[in-house]
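Trainee: I would like to learn how to read a model such as this one, going from the whole chain down to single residues. Could we take the features in turn?

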Amino acid sequence: MSKKILVLPGDGIGPEITRQARRVLEACREAGLDIDIEEAPVGGAEIDRSGVPLAAETLEKAKASDAILLGAVGGPKWDTMPDIANRPEKGLLALRKELNLFGNLRPALLYPQLVEASSLKPEVVSGLDIMIVRELTGGIYFGQPRGRETREDGTRYGYNTYIYDEHEIRRIGRVAFEMAQKRNKKLCSVDKANVLEVTILWRDIMNELAPEYPDVELSHMYVDNAAMQLVRAPKQFDVIVTGNMFGDILSDAAAMLTGSIGMLPSASLNESGQGMFEPCHGSAPDIAGQGLANPLATILSVAMMLRYSLDAPALADRIERAVGAVLDQNLRTADIAYDGTRQVTTEEMGDAVVAAFEASI
Ligand SMILES: NC(=O)c1ccc[n+]([C@@H]2O[C@H](COP(=O)([O-])OP(=O)(O)OC[C@H]3O[C@@H](n4cnc5c(N)ncnc54)[C@H](O)[C@@H]3O)[C@@H](O)[C@H]2O)c1
Ligand SMILES: CC(C)[C@H](C(=O)O)[C@@H](O)C(=O)O
Ligand SMILES: [Mg+2]
C-alpha cells in the first residue's frame, strides 16, 4: 500500500524550500517509492485562512500520514498576536504533542566541501559529525502552570513550569543510548543539575540507564559549558541528549558549525516510527520570497524521512550523495557561498539536486 506523506509548507521561506524538497520526494517516487503526497496550510498561512494555526482536518490528516514534511512557521505578521496559544508556532507545537513526536534527531554534519563556509576555523570543524537528541514534547515548552498575569499592585508577571517525569526522561534516554550504540558510542547528557531539580532527576535517570548500555560511554555536562564547548572543540561530541529548550538552543549553535542553519535537517519521531521532518531553521522572514533560502536542510530532512519513517535507506543515501555532488559542482545558495563558488537561487539548487539524484543510481 502507498505510504502517505503530508507536506505542510507553512510561512516565510517555508513554501520555497518545501517546493524544492517535494521535487526530490517526487523524484524518489519516479525511482519506485510508493507514496501519495498531499499538501495543507499550517501556521500563519492557516491563521489567515481559518483563524487557527492548525485546522482539525489537517491534524487528522497528519495523524493518518506515515510522515510529514514541514517547512517553517511564523513571522512578523503574527508576532503581535496577543494570544500566544493561537500563534503560528502553536500549530507546530500541537503537531509535535498530538502525534507524540518526543524524539527529535538533529544531526550536525559538516560536508567537507563546506569547511570554508563555517564561521569556525577549518581544523575546529572539519570532519564534524554530531547527533543532538532533543526531547520534544515535554519540559518547559509544555509544563503547567504557565501564564501571564497581573498582581493586585499592577505588577505584571509571567511564568512557565520546567517539568519532566521519569518516564519521559527514560524514553528519550533510550533513544539517545541506542543512537550512540550505532555511532561512536559516546553520549553526553546536557543539563543544569547544579541549579534545577528537574535536571537532577534527568541526570539520575541517565545514570540509571547507563548499565543497560555498557558499550556506551556516558558523560554529563552543564548546558552553559556545552554551549561553549560546541564552539571551542565540537568534535569532542558524538551524541548529545538534552531537554526541549536546551536542545533548541544548542542545535542552532551546532548549525553554524556546518556552515549555515540552512544545512541542518531534523526528524521528530514517535514510538511507532511515524515522523515529522523539518529543517531546524525558521521561516527566515528577512529573506523570504527572494530566492535566497537554502533548501538543503529541507531536502536532507526528506532523506531522514526515507531512512527513519519510510524504510528506504538506499534512497536516503542517494539524496545525501546528490547533495554532496551539487556541492562538488561548487553550487551554493547565498548563506554558504564564498569566493570561488557559484551562487545559485533556491530553485536552481533544487534543480541541481534533482538532476544529481536522477543521474545517480
Ligand atoms: N520550525 C519552525 O517552524 C521554526 C523554527 C525556528 C523559528 N521559527 C519562526 O521563524 C520566524 C523567524 O525566526 P528567527 O529569525 O529567529 O529564525 P530563522 O531560523 O527563521 O532565521 C535566523 C537567520 O537565519 C537565516 N536562515 C534561516 N534559514 C535559512 C535558510 N534555509 N537559508 C538561508 N538562511 C536562512 C535567516 O535569514 C535569518 O537571518 C519566527 O516567527 C520563529 O518563531 C520557526
Ligand atoms: C518555532 C519553535 C516553536 C521551534 C522550537 O522552539 O522548537 C523552533 O525553534 C525549532 O527549533 O523547531
Ligand atoms: Mg529552534
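Mentor: We will go from the overall chain to its backbone and then to a few residues, keeping in mind that this is a predicted model.

Trainee: To begin with the whole, how many helices and strands does the chain have, and what does its radius of gyration say?

Mentor: The chain has 13 helices and 14 strands. The radius of gyration is read against what a compact globule of that length would have: for 361 residues this is near 21 Å, and because the chain has 20 Å, the two agree. Along its principal axes, the C-alpha trace spans about 60 × 50 × 45 Å.

Trainee: What share of the residues count as buried, and what share of the contacts joins residues 24 or more positions apart?

Mentor: Of the 361 residues, 54% count as buried. Among contacts with a separation of 6 or more, 74% are accounted for by residues 24 or more positions apart. As for the surface, the chain exposes about 15,500 Å², of which carbon and sulfur atoms supply 51%.

Trainee: And how far apart are the mean positions of the positive and negative charges?

Mentor: There are 37 positive and 52 negative charges in the chain, and their mean positions are 1 Å apart.

Trainee: Turning to the backbone, which peptide bond is cis, and where does Pro145 lie?

Mentor: The general idea is that most peptide bonds are trans and most residues other than glycine have a negative phi. Here a cis peptide bond, with omega of about 0°, joins Gln144 and Pro145, and Pro145 has its place in the loop between β5 (129-135) and β6 (147-150).

Trainee: What is the phi of Ala284, and what is that of Asn330?

Mentor: Ala284 is not a glycine, yet its phi is positive, at about 40°; this residue is found in the loop between β12 (275-277) and α11 (296-308). Asn330 also has a positive phi, near 75°, and lies in the loop between α12 (313-328) and β13 (331-332). With a relative accessible area of 30%, Asn330 is partly exposed.

Trainee: How should I read a strand, taking β1 as the case: which way does β1 run relative to β2?

Mentor: One looks at both its cover and its partner. Strand β1 (residues 3-10) is mostly covered, with 6 of its 8 residues buried, and 5 bridges join β1 to strand β2 (residues 35-39), the two running parallel. Within this pairing, Ile5 stands opposite Ile37 in β2.

Trainee: Lys4 also lies in β1; how accessible is Lys4, and what does that count as?

Mentor: Its relative accessibility is 43%, and since partly exposed covers the range between 20% and 50%, Lys4 counts as partly exposed. Leaving out residues up to four places away in sequence, Lys4 touches Asp36, Ala64, Ser65, Asp66 and Ala67. Lys4 and Ala72, by contrast, are 68 residues apart in sequence and 20 Å apart in space, C-alpha to C-alpha.

Trainee: For a residue in a helix, is Thr298 buried or exposed, and which residues is Thr298 in contact with?

Mentor: Thr298 is found in helix α11 and, at 0% relative accessibility, counts as buried, because the cut-off for that word is under 20%. Beyond its neighbours within four places in sequence, Thr298 is in contact with Ile17, Thr18, Ala21, Leu69, Pro279 and His281.

Key: Residues are numbered from 1 along each chain as its sequence is written. Chains are lettered from A and ligands numbered from 1 in the order in which they are written. This is a predicted model: local features need pLDDT of at least 70, side-chain atom pairs count only at pLDDT 80 or more; totals for chains, interfaces and linings use all residues. Side-chain values use heavy atoms; hydrogens and water are left out. Helices (H or I, at least four residues) and strands (E, at least two) are DSSP runs, numbered from the N terminus. The radius of gyration is taken over C-alpha atoms; the globule rule is 2.2 Å times the number of residues to the power 0.38. Buried means under 20% relative accessible area, exposed over 50%, partly exposed in between (1.4 Å probe, protein chains only). Contact means heavy atoms within 4.5 Å. Accessible areas come from the Shrake-Rupley method with a 1.4 Å probe; for residues, only the protein chains shown count as cover. Lys and Arg count as positive and Asp and Glu as negative; His and the chain ends are not counted. The place of a charge is taken as NZ of Lys, CZ of Arg, CG of Asp or CD of Glu. Two strands pair if DSSP finds at least two bridges between them.
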